[in-house]
Structure formats: structure tokens, C-alpha cells
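Subject: Structure handover

Hi,

Here is the structure I promised to pass on. Please open it first, then read the notes underneath.

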Amino acid sequence: MIGHHNEETTTKVAVLMATFNGEDYIAEQLDSIFSQVGVGVTIYARDDGSSDSTISILEQYVKSGKSINILSGIDGGGTAAKNFKELILNSDVDSYDFVCFADQDDIWLPMKLKTAVDIMCQGYDLYSSALTVFSSQKGSMSTLKRKVVFKEYDYLFQGLSAGCTYVLSKSFFAFARSQISDNRDVLDTRFSHDWLIYTIARSFKYSIYHDSSSKILYRQHSLNVQGSLTGIQGILYRTKNIWDNWYYDQIMFNRNFIKNTADEVIILDAMQSKNILFLIVNCLKFRRSFLECIALLIFLLLRKKYD
């Protein structure tokens, strides 16, 4: 199902939106996307079997003339990451200048995309930014990911920012899509699509810009897939992921999509073989802060003890 597209704006941005039971917030998110200044947007939406009115809301926007393509008849999904995977592989976005990702429950400030596009036109392939976390229930707001100090091999051990802040150049999106398509047989239900995109960009030397300002309100509520992961809740979430091997599995999963340079192979082989001494000596190349390095080492020691 296809809505009307505004052809008057020269810079065209495709917005890939994964939806699932989002009726409470999706209209506010759609309105914020269609209120973007200085760019033309088209949304590619794929619903993952909603039992509420999410699809009906999308269809109403299409009928009102909004530029929305609703992808249907596509197998896959089951998680937000797999939903985004199907969007990446099946959205016809070759005619767009830039591609970005959208959650169904955030609010984009009017200059979000124009700010990213202006920066990317200076020669960048991947844009990410800080994000403002808010909860309407708690009435609180805070900004995350203001500053990112890139380390030489951090992409092997952590992501960048939330995927909803990402904007990809046409050429990088095409390359990332080809990597995902060529390796679709290893895609499982638990991978992190935003970490994967960052890993591909760093491994293949695409240029990245992280914006310390926030142009997005990142909504927190009881149905968030992941959320901002702050405070005790965040600590417990990460501890669980480490304990049930999600973190290690994600590192090894991303290995399928990287260039596998000599250094990358050495580092990941050391991780796989539990070469603690090598990983301790080089830890500051792997995580962005000293505390993160300590956490990584604790994880490695626990893994060596209990595996």
C-alpha cells in the first residue's frame, strides 16, 4: 500500500519503521516524522503481526495522502531486530539519498533529519546522535550518548548509539544490505541490528559522525524492547545478557559481517579461546571508558571460570 510522495523536496530520505502493537504512540511518531523540515520523507513500515489497531492507523495515514509504503506478505520477523532485517532487505529505497531507522514510539524534533543530512553532505556515511530519554509516566528527561570517544576496536565489543538516531548514506546502506543479504542464513532472533550496522561501518572503514546534540525524544514505557538501560534496570538487563551468553554470542555473530582483517581475527580468536592476558593488555582498545573495560574483563573472567 503506497501513499503520496512529495516530489518538490530535493533531498529524499527513506525511513524504515518496524511496528508491533504500537497503537498508543505511533500516531505521534508518524506526525513528528512528517513534520521534518527541509527534506522529503517516505516511510517504509513493516508490521510484525500486531493484534491492536497499528495497521489501521498506518492505513489511515496512507488514505490521507501521507507517503507510507506498508510492506506485507514478507516472511520473517518475530523480534524488532528481525523486523528491521526484513525492512532492510525488502524496502525499495534505491532512489533515496539517505536511509534511516525509526522506532514506533519516539518523537522526532523537526530538524532531526535536516541536521543529519547537512552533516552527512560533508562526506559521512553513517550519522548517529545523542538522544533525550523521556517518560510521560515519570515526567523525567535525560540525555544519553552526548559524547562518544571512538576506540580502535570498540565496534567488536559494543554498539554506537540507538538505531533510531542513525542515518545512512545511499552507498553505505546498499553495502550494509548486501552484507546482511549474503549472510542471512546466520541471522537469528537475538541480534542487535544497530550494533551490527555500526560494526559493518567501522570494519569496512566507512566514515562516521556522532552528534553530541539530541534531536529525538526517546520514549520509555513498559513495552519497550530495550529502552535506555539506565540505573538498576540497565545493570540487571546487561547482567542477564552476559550471564546467558547474549553478549558473547553477539560478538561472535557480528564476525560473520566484518572484513576479518588480521587484527580482527586475532582479537576475536583471543576472545573465543579465552586468552585473558591478551585481552587485558589490549582492553583499552576495545571499550570507550575505563569502567567499561573493567566490566569487560569481569565478563571475560567469569566466562573463563564457568564455561
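The notes below go from the whole chain to its helix pairs, cores, cysteines and one loop residue.

Overall picture

Please keep in mind that this is a predicted model. The chain has eleven helices and nine strands. It holds 307 residues, and buried ones make up 54% of them. Contacts reach far along the sequence. Among those between residues at least 6 apart, 80% join residues at least 24 apart.

Helices α8 and α9

Start with helix α8, residues 246-254, and helix α9, residues 262-273. They pack at an angle of about 145°. Their axes are 11 Å apart. The crossing of α8 past α9 is left-handed. On the α8 side, Tyr-248, Ile-251 and Met-252 make the contact. On the α9 side, Leu-268, Met-271 and Gln-272 do so. Sorted by type, the residues of this contact are five nonpolar, one polar and no charged. Met-271 will come up again with the cores.

Helices α3 and α5

The second pair is helix α3, residues 80-90, and helix α5, residues 170-182. Their axes come within 9 Å and cross at roughly 115°. This crossing, of α3 and α5, is left-handed. From α3, the residues involved are Lys-85, Ile-88 and Leu-89. They meet Phe-173, Arg-177, Ile-180 and Ser-181 in α5. Here the contact residues divide into four nonpolar, one polar and two charged.

A covered helix

How many residues of helix α6 (residues 193-203) are buried? The count is eleven of its eleven, and the helix is mostly covered. The buried residues include His-193, Asp-194 and Arg-202. Trp-195, Leu-196 and Ile-197 are also among them. Just after α6 comes Lys-205, with a positive phi of about 65°.

Nonpolar cores

In soluble globular proteins, nonpolar side chains tend to be buried together. In this model, the largest nonpolar core has 57 residues. Which of them touch the most other members? They are Leu-16, Phe-157 and Met-271. Another core, of 34 residues, lies apart from that one. Among its members are Phe-98, Ala-102, Ile-119 and Tyr-127.

Cysteines

The disulfide count comes to zero. Cys-283 is in no disulfide. Its nearest cysteine sulfur belongs to Cys-293 and is 3.6 Å away. A disulfide needs the two sulfur atoms within 2.5 Å, so this pair does not count as one. Is Cys-283 buried or exposed? It counts as buried, because its relative accessibility is 3% and the cut-off for buried is under 20%. Cys-100 counts as buried too, at 0% relative accessibility.

One loop residue

Last, have a look at Leu-109. Where does Leu-109 lie? It sits in the loop between β5 (107-108) and α4 (112-120). Leu-109 counts as partly exposed because its relative accessibility is 32%, and that class runs between 20% and 50%. Along the chain, Leu-109 and Leu-217 are 108 residues apart. Their C-alpha atoms are separated by 7.5 Å. Leaving out residues up to four places away in sequence, Leu-109 touches Gln-36, Ser-214, Lys-215, Ile-216 and Leu-217.

That is the set of notes. Over to you.

Best wishes

Definitions and conventions. Residues numbered from 1 in each chain as written. Predicted model: local features only at pLDDT ≥ 70, side-chain atom pairs only at ≥ 80, totals over all residues. Heavy atoms only, no water. Axes fitted to C-alpha atoms, helices over the stretch in contact; angles between N-to-C directions. Helix = DSSP H or I, 4+ residues; strand = E, 2+ residues; numbered from the N terminus. Left-handed = near helix turned anticlockwise from the far one by under 90°. Contact = heavy atoms within 4.5 Å. Nonpolar A, V, L, I, M, F, W, Y, C, P; charged D, E, K, R; others polar. Buried < 20%, exposed > 50% of the residue type's maximum accessible area, 1.4 Å probe, protein only. Core = buried A, V, L, I, M, F, W, Y, C linked by side-chain atoms within 4.5 Å.
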